[in-house]
Amino acid sequence: MKNIKRVGYLIVVGLAVLLILAATGGNDLPMILSFGVGTILALIGIALAIWETKTDKPMFYSYGKNWFGGYLNNSAFILGIAVGFYATKVVYGIAALGIIAALYAIIIVALKNKSSEAM
């Protein structure tokens with residue numbers, strides 16, 4: 001159930017970013033720059049996902065009430081933001097969201113299974 005919530009949060013953040021981009025006229029960055037930033041954010045998000053899974057962090061471990069209202073940040077949030085950088089066209093953004101969500105789900109399920117087998 002915890003894994004479903006994480007993937008669901010990634011999808012909600014990704015869709016929110018895509019809707020914001022659609023409402024504001026889209027991503028105006030050059031494609032190579034936008035994809036580069038998206039790739040860097042995706043790699044950071046994947047590295048965080050691995051770390052979060054291996055250390056068994058709760059879903060919103062980095063919530064901070066002193067951060068001017070609080071933010072819910074984790075690897076799913078960073079990957080959701082990365083989707084926006086891939087959205088130079090709507091189709092690219094939707095495809096990126098699907099690919100990143102599937103990759104994220106595979107990573108957290110595989111690492112959870114590996115850690116439970118080790119015990």
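How many residues does helix 2 have, and what span does helix 2 reach from its first C-alpha to its last? In this predicted model, helix 2 covers residues 31–54, which gives 24 residues, and the distance between the two end C-alphas is 34 Å. That span is close to the 34 Å expected at 1.5 Å a residue.

Helix 2 belongs to a protein chain with 4 helices and 0 strands. Along the sequence, the pattern of the protein chain is α-α-α-α. Of the contacts between residues at least 6 apart in sequence, 76% join residues at least 24 apart. The protein chain has 119 residues, and buried residues make up 34% of them. The area that the protein chain exposes is about 7,200 Å², with 74% of it supplied by carbon and sulfur atoms.

Within helix 2, the buried residues are Ser-34, Gly-38, Ala-42, Gly-45, Ala-49, Glu-52 and Thr-53. An α-helix has 3.6 residues a turn, so residues three or four places apart point the same way. After helix 2 comes Asp-56, with a positive phi near 55°.

Glu-52, Thr-53 and Asp-56 appear again in the lining of the largest cavity. Rolling a probe the size of a water molecule over the atoms shows where empty space is left. Over the whole structure, the search finds 1 cavity of 30 Å³ or more. The space in the largest cavity is about 30 Å³. Besides the three residues just named, the lining includes Lys-2, Asn-3, Arg-6, Lys-57, Ile-108 and Lys-112. At least two lining residues come from each of helix 1, helix 2 and helix 4, and the largest share, 3 residues, is from helix 1. By residue class, the lining of the largest cavity holds 6 charged, 2 polar and 1 nonpolar.

The structure also has pockets to consider. The largest pocket has a volume of about 190 Å³. This pocket is lined by 13 residues, and those closest to its centre are Leu-18, Leu-21, Ala-22, Ala-87 and Val-90. Two or more lining residues come from each of helix 1 (2–23) and helix 4 (90–118). Which element gives the largest share of the lining of the largest pocket? Helix 1 does, with 5 residues. The lining of the largest pocket comprises 8 nonpolar, 4 polar and 1 charged residues, whereas the lining of the largest cavity has 1 nonpolar and 6 charged. Helix 1 thus supplies the largest share of the lining both in the largest pocket and in the largest cavity.

Key:
Residues numbered from 1 in each chain as written. Predicted model: local features only at pLDDT ≥ 70, side-chain atom pairs only at ≥ 80, totals over all residues. Heavy atoms only, no water. Expected span 1.5 Å × (residues − 1). Buried < 20%, exposed > 50% of the residue type's maximum accessible area, 1.4 Å probe, protein only. 1 Å grid on protein atoms, 1.4 Å probe; cavity = no way out; pocket = protein on both sides within 12 Å on 5 of 7 lines; lining within 4 Å. Points joined across faces, edges and corners; volume = space filled by probe spheres on them. Nonpolar A, V, L, I, M, F, W, Y, C, P; charged D, E, K, R; others polar. Contact = heavy atoms within 4.5 Å. Areas by Shrake-Rupley, 256 points an atom, 1.4 Å probe, with all protein chains shown as cover.
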